[in-house]
Amino acid sequence: MTPREGMMTGKTYTLLGADRSPYESVTPGILGGHRGGRIYGRLDCPAALRAIAKGGYVKNRVFFANEAIAIAAGFRPCGACLPEKYALWKRSREAAR
């Protein structure tokens with residue numbers, strides 16, 4: 001759905017902003033996350049989909065418009081669906097110690 005289509009149908013999506021505050025958008029988020037673990041990843045992440053299938057995760061699920069916003073909100077990449085980005089994040093944390 002394009003932003004214009006969203007405006008025409010009136011459909012909105014609740015996304016999380018860089019300040020961790022929810023906001024309404026006519027464009028769906030491209031990344032999902034877990035508020036409790038402060039993890040973000042692809043919407044088709046196998047780990048997230050398994051957790052959802054088991055009945056968990058959903059009440060803490062958040063969505064982001066892009067990766068920069070997820071990072072600014074304090075979320076880290078998922079090790080399951082974004083292994084390269086997770087490895088970089090982990091190395092940067094270890095270097096900061």
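**Salt bridges, strands and a buried arginine**

In this predicted model, the side chains of Asp 44 and Arg 42 meet in a salt bridge, with a distance of 2.7 Å from N to O. Asp 44 counts as partly exposed because its relative accessibility is 46%, and Arg 42, at 35% relative accessibility, likewise falls into the partly exposed class. A search of the whole structure finds 2 salt bridges, and another pairing of this kind is formed by Glu 67 with Lys 85, whose closest N and O atoms are 2.8 Å apart. Glu 67 belongs to helix α3 (residues 67-72) and Lys 85 to helix α4 (residues 83-96), so this pair ties together parts that are 18 residues apart in sequence. Glu 67 has a relative accessibility of 24% and is therefore counted as partly exposed, while Lys 85 is also partly exposed, with a relative accessible area of 37%.

The strands are considered next. An open sheet of 4 strands shows mixed pairing and has the order β5-β3-β4-β6. Strands β5 and β6 (76-77) stand at its edges, and because each has a single partner strand, one side of each is left without a neighbour in the sheet. Within this order, strand β3 (residues 31-34) and strand β4 (residues 39-42) pair in the antiparallel sense over 4 bridges, and Gly 33 has Tyr 40 of β4 as its bridge partner. The loop between β3 and β4 holds Arg 38, a residue that counts as partly exposed because its relative accessibility is 36%. Apart from neighbours within four places in sequence, Arg 38 is in contact with Arg 20, Gly 74, Phe 75 and Arg 76. Of these residues, Arg 76 is 38 residues from Arg 38 in sequence, yet the C-alpha atoms of Arg 38 and Arg 76 are 6.3 Å apart in space.

Strand β1 (residues 13-16) and strand β2 (residues 22-25) run antiparallel and are joined by 4 bridges, with Pro 22 in β2 serving as the bridge partner of Leu 16. The hairpin of β1 and β2 has 5 residues between the strands, and in this hairpin Arg 20 takes a positive phi near 70 degrees. Arg 20 is also one of the residues in contact with Arg 38.

The edge strand β5 (residues 61-64) includes Arg 61, which is buried yet has no salt bridge. The nearest side chain of opposite charge belongs to Asp 44 and is 8.4 Å away from Arg 61, whereas a salt bridge requires a nitrogen-to-oxygen separation within 4 Å. Asp 44 itself is paired in a salt bridge with Arg 42. When neighbours within four places in sequence are left aside, the contacts of Arg 61 are with Gly 32, Gly 33, Leu 43, Ala 48 and Ile 52; among them, Gly 33 is the residue whose bridge partner in β4 is Tyr 40.

Ile 52 also takes part in a nonpolar patch on the surface, which it forms with Leu 49 and Val 58 and which has about 240 Å² of accessible area in total. Leu 49 lies in helix α2 (residues 46-53), and its relative accessibility of 43% is the reason why Leu 49 counts as partly exposed.

Notes
Residues are numbered from 1 along each chain as its sequence is written. This is a predicted model: local features need pLDDT of at least 70, side-chain atom pairs count only at pLDDT 80 or more; totals for chains, interfaces and linings use all residues. Side-chain values use heavy atoms; hydrogens and water are left out. Helices (H or I, at least four residues) and strands (E, at least two) are DSSP runs, numbered from the N terminus. Buried means under 20% relative accessible area, exposed over 50%, partly exposed in between (1.4 Å probe, protein chains only). Lys and Arg count as positive and Asp and Glu as negative; His and the chain ends are not counted. Contact means heavy atoms within 4.5 Å. Two strands pair if DSSP finds at least two bridges between them. Patches are made of residues with over 30% relative accessible area and no salt bridge: like charges are joined within 9 Å, nonpolar side chains (Val, Leu, Ile, Met, Phe, Trp, Tyr) within 5 Å. Accessible areas come from the Shrake-Rupley method with a 1.4 Å probe; for residues, only the protein chains shown count as cover.
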